Structure formats: C-alpha cells, structure tokens
Amino acid sequence: MSEESFIGEGRGQISGTTVLPPNGAHSRFRSNYQGTGTLAGHQVQVLITYEAESVGPDSFTGTSDALITTTDGTDSAIWRGGGAGFRTAGASQVVWRGYAALESQSPRFADLNCTLLSVVVKVDDDGKVSYQATKWR
C-alpha cells in the first residue's frame, strides 16, 4: 500500500500546442505550459512540455518534462513523467493522472532528489491548467 503526502500545486496557461504527425490512426500533439505554484513550500515558476497520443475518442497517454525554478531564480528541479488523461463526460476539461520522478541538486530541493510524485492535472478547453502533486513513497 502506498503512502502519499502533499508536495505542491500550481496554476497556469497552455502557451502553445503543436499537432504532430499521427501514429497510424492515433492523433498526436505537444503542448507547452507556463505557470506558478509551490513545491515543498517554496514559490516556483513552472515550464512543462507534454507530448500526448490519443488512444480513443476521449482518452490519451503521454509523457512530460518540467523545469521548476524558485521565483528568485536560485534553485531548480526537473521532473520527468508520464500518465493518461480523459475528457470528462459532458465537460470541457481533460483530467490527467500521472507520475513523475523529481531530480534536484539545489539546496532548497536537494531532499527531494529522486522523489516519485503522483500528479493530477486538469486542463480546461480555454487552456487554463491546474495541478496538485503528492510525494509517492
């Protein structure tokens, strides 16, 4: 049984989406996200690139890379992860559930180096994004 504890959250906006060549009958796209939030109690800026592929009319799988920096620019972390998402029934939102491995040698985040995260991301059709991350032990 896994134990999870809150580690951060954020909000932002999709800053661009690129349609990629399809993989057979599966559509593909890449989205970039910019936002602000918290990580381990520190105010951060977040840049995320997510590449996804459809696996059904309203479901997707994909991978992400994120650069997280403190708002004063002195510390940073990266996460690499993946997950799956679905368009909620009758709603204009895609909900993603995923995982990420966090890496950092920066003093403020050094104790998070090699931490696994569980992440829930909500993306509205207008490109607004919100997420919550928990430490997955």
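What follows is a dialogue on some labels used for this predicted model.

Biologist: Why is Ser5 called partly exposed?

Modeller: The relative accessibility of Ser5 is 23%. Buried means under 20% and exposed over 50%, so Ser5 at 23% counts as partly exposed. Ser5 sits in strand 1.

Biologist: What does Ser5 touch beyond residues up to four places away in sequence?

Modeller: Thr134, Lys135 and Arg137. A contact needs heavy atoms within 4.5 Å.

Biologist: What makes Asp72 and Arg108 a salt bridge?

Modeller: Their closest N and O atoms are 2.8 Å apart. The cut-off is 4 Å between a side-chain nitrogen of Lys or Arg and a carboxyl oxygen of Asp or Glu, so the pair at 2.8 Å qualifies as a salt bridge. Asp72 is in the loop between strand 4 and strand 5, while Arg108 is in the loop between strand 6 and strand 7, 36 residues apart.

Biologist: Why are Asp72 and Arg108 called partly exposed?

Modeller: Asp72 has 45% relative accessibility and Arg108 has a relative accessible area of 31%. Partly exposed lies between the 20% and 50% limits, so the label fits Asp72 and also Arg108.

Biologist: How do you know that Glu103 forms a salt bridge with Arg80?

Modeller: The closest N and O atoms are 3.2 Å apart, and the limit is 4 Å. Glu103 belongs to strand 6 and Arg80 to strand 5, so this pair ties together parts 23 residues apart in sequence.

Biologist: Arg87 and Asp125 also meet in a salt bridge. Why is Asp125 called exposed?

Modeller: Exposed means over 50%, and Asp125 has 52% relative accessibility, so Asp125 counts as exposed. Arg87 has a relative accessible area of 29%, so that residue is partly exposed. The N to O distance in this pair is 3.0 Å. Arg87 lies in strand 5, and Asp125 in the loop between strand 7 and strand 8.

Biologist: How many salt bridges does the structure hold?

Modeller: There are 7 salt bridges.

Biologist: What makes a residue part of a pocket lining?

Modeller: A lining residue has an atom within 4 Å of a pocket point. For the largest pocket, of about 530 Å³, 29 residues line the space, and the closest to its centre are Ile14, Tyr50, Trp96, Val121 and Val123.

Biologist: Which classes of residue make up the lining of the largest pocket?

Modeller: The lining has 16 nonpolar, 9 polar and 4 charged residues. Strand 6 gives the largest share, 6 residues.

Conventions:
Residues are numbered from 1 along each chain as its sequence is written. This is a predicted model: local features need pLDDT of at least 70, side-chain atom pairs count only at pLDDT 80 or more; totals for chains, interfaces and linings use all residues. Side-chain values use heavy atoms; hydrogens and water are left out. On a 1 Å grid over the protein atoms alone, a cavity is a set of points where a 1.4 Å probe fits but cannot get out, and a pocket is an open set with protein on both sides within 12 Å along at least five of seven lines; lining residues have an atom within 4 Å of a point. Grid points are joined across faces, edges and corners, and a volume is the space filled by probe spheres set on the points. Helices (H or I, at least four residues) and strands (E, at least two) are DSSP runs, numbered from the N terminus. Ala, Val, Leu, Ile, Met, Phe, Trp, Tyr, Cys and Pro count as nonpolar, Asp, Glu, Lys and Arg as charged, and the others, Gly among them, as polar. Buried means under 20% relative accessible area, exposed over 50%, partly exposed in between (1.4 Å probe, protein chains only).
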